[in-house]
Amino acid sequence: MKIDILLGLQWGDEGKGKIVDVVTPNYDVVARFQGGPNAGHSLEFNGIRHVLHIIPSGIFHKDKINIIGNGVVIDPVIFEEEIAALVEMGLTPTDNLYISKKAHLILPTHRLLDAAYESKKGNAKIGSTLKGIGPTYTDKTARTGMRVCDIFSPNFQDKYDNLIAQHKEILDQYHFDYSERLPEMDKKWHASLETLRKFKAIDSEYVLYDYIKEGKTVLAEGAQGTLLDLEFGAYPFVTSSNTIAAGAFTGLGLDPHFAGKVIGIVKAYCTRVGSGPFPTELFDATGNQLREQGNEYGATTGRPRRCGWLDLVALKYALMINGITDIALTKADVMSNFDTINICTAYRVNGEVTTQMPTASDVEIEPIYTPLQGWKEDISQCKTYEELPQAFKDYIQFIEDQTNTKISIVSVGPDRDATIFRS
Ligand code: GDP
Ligand code: IMO
Ligand code: MG
């Protein structure tokens, strides 16, 4: 099959950027299908760490084409900053990065609206990354948004001014003062369009169709994670796009018949940034240990990530709705000094044991754990599956048995080289 999909199976930050970078040599094209600068995808090689937000994680492979699909929302200012960092490293992204004309634009006022909505919510806030994601997707569905194609249109400035005026009305209703910040943001935004205009603007649906007919292979890269999906996450504590496999088809314009593998990235424990249910969250020393040893601080916002044990109820749900064929397991190296490792295998909700995800986001969930023996060994230098300690192999086997899904990639460190492929 011609199109594989790679996405996160938890609440984001599973290590998607690293794994996309590692598997990119197997593909001709890497295409992002949703999200925007709320994402922070880290990858490491030659001792340098890179964080990408809007640009696909295949960009460091100069001979591969990278596409930002129609499902992505683009902030031209952040895009310009990302491009500048790549150019400084000696890359020429104008050669191998194409952008869908249909991708929506994040305007400066989308970011202000994000802040206004969040501050109004008080304690009920979602914990958004404040990158303007929700308001931009809101305009998209309300059919009032602006797209990349608009920046080439003679009516561009009128459209922009109209939308900004609408946003100002809402900001005024929220008593949100924009008078000082907006003029500077606006100036920077317009200046950054110069960079965006240098890139090849495409209709990704035609381009990808032609590539596939020519025999090229595509990797669709997801952002966020399945449990943040607009439909299937714990609403309203979700992002505003479809992070699941189905999102790849709408976010790029793909024919589902071409789909091949769906690779799910799973962190060996769980993390979440922002508000919302997290049944296995740890508030104790173990949680702190995971945060410190795993360096669990947001790649986009720097916020400390909430940490907890692996949750198989949530994972099985994610496997089911995505049709996952392969799991890539990341960051087990972080748990190398634990005597016991707990895995949540069921929930107790209102006194009843269940293995289904509750729909309401305000129910009390008590996790039921199966304790497994820790491996108490540094696995970060292991290069083959055979070298891994037996207790870790047992942990892998347990997850495979429970999920009925093969763990075909085991990542034991942030670097490209710290990756074990299982045949
Ligand atoms: P993404 O959003 O899914 O791409 O993940 P992030 O980049 O936000 O967060 C994952 C973090 O873990 C990054 O700092 C990665 O460099 C790092 N990382 C990825 N895989 C591994 C791994 O197997 N072990 C360790 N220790 N770190 C990893
Ligand atoms: P990557 O691609 C982790 C979370 C935010 C917040 C919620 C809504 O790096 O895995 P938004 O700004 O989208 O309106 O925020 O979603 N969130 C992420 N958490 N990783 C991400 O992306 C995230 N993108 C959004 O913290 O709880
Ligand atoms: Mg991230």
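This note goes through a predicted model, point by point, from its metal site to some of its backbone features.

1. The magnesium ion (ligand 3) is coordinated by Asp-13 through OD and by Gly-40 through O, at 2.1 to 2.2 Å. Asp-13 belongs to the loop between strand 1 (3–8) and helix 1 (16–23), while Gly-40 belongs to the loop between strand 2 (29–32) and strand 3 (41–45), so the pair ties together parts that are 27 residues apart in sequence. Gly-40 has a relative accessibility of 12% and counts as buried, because the cut-off for that class is under 20%.

2. The loop between strand 2 and strand 3 also holds Asn-38, which is buried, with a relative accessible area of 11%. Leaving aside neighbours within four places in sequence, the residues in contact with Asn-38 are Thr-129, Lys-131, Ile-133, Gln-224, Thr-239 and Thr-300.

3. Two of these contacts deserve a separate word, since the side chain of Asn-38 makes a polar contact of 3.0 Å with the side chain of Gln-224, and a polar contact of 3.4 Å joins the side chains of Asn-38 and Thr-239. As for Thr-195, its C-alpha atom is separated by 20 Å from that of Asn-38, with the two positions 157 residues apart along the chain.

4. Thr-195 appears again in the packing of helix 2 (residues 76–88) against helix 7 (residues 181–197). The axes of these two helices come within 8 Å and cross at roughly 50°, which makes helix 2 oblique to helix 7; the crossing is left-handed. On the side of helix 2 the residues that meet the partner are Pro-76, Val-77, Phe-79, Glu-80, Glu-81 and Ile-83, and on the side of helix 7 they are Lys-188, Trp-189, Ala-191, Ser-192, Leu-193, Thr-195 and Leu-196.

5. A reader checking the backbone should find a cis peptide bond from Tyr-235 to Pro-236, with omega near 10°. Pro-236 lies in the loop that runs between strand 10 (218–221) and helix 9 (245–252).

6. Positive phi values in residues other than glycine are found at Asn-295, where phi is near 50°, and at Lys-376, where phi is near 45°. Asn-295 is placed in the loop between helix 10 (285–293) and strand 13 (306–308), whereas Lys-376 is placed in the loop between strand 18 (365–373) and helix 12 (390–403). Lys-376 is partly exposed, with a relative accessible area of 47%.

Definitions and conventions. Residues are numbered from 1 along each chain as its sequence is written. Chains are lettered from A and ligands numbered from 1 in the order in which they are written. This is a predicted model: local features need pLDDT of at least 70, side-chain atom pairs count only at pLDDT 80 or more; totals for chains, interfaces and linings use all residues. Side-chain values use heavy atoms; hydrogens and water are left out. Donors are N, O and S atoms within 2.8 Å of the metal (3.2 Å for Na, K and Ca); water is not among the atoms, so sites may look incomplete. Helices (H or I, at least four residues) and strands (E, at least two) are DSSP runs, numbered from the N terminus. Buried means under 20% relative accessible area, exposed over 50%, partly exposed in between (1.4 Å probe, protein chains only). Contact means heavy atoms within 4.5 Å. A polar contact is a pair of N or O atoms within 3.5 Å; within protein, one must be able to donate a hydrogen and the other to accept it, and residues adjacent in sequence count only if both atoms are side-chain atoms. Axes are lines fitted to C-alpha atoms, for helices over the stretch in contact, and angles run from 0 to 180 degrees between N-to-C directions. Angles under 35 degrees count as roughly parallel, over 145 as roughly antiparallel, 65 to 115 as roughly perpendicular and the rest as oblique. A crossing is left-handed if the near helix is turned anticlockwise from the far one by less than a right angle, and right-handed if clockwise.
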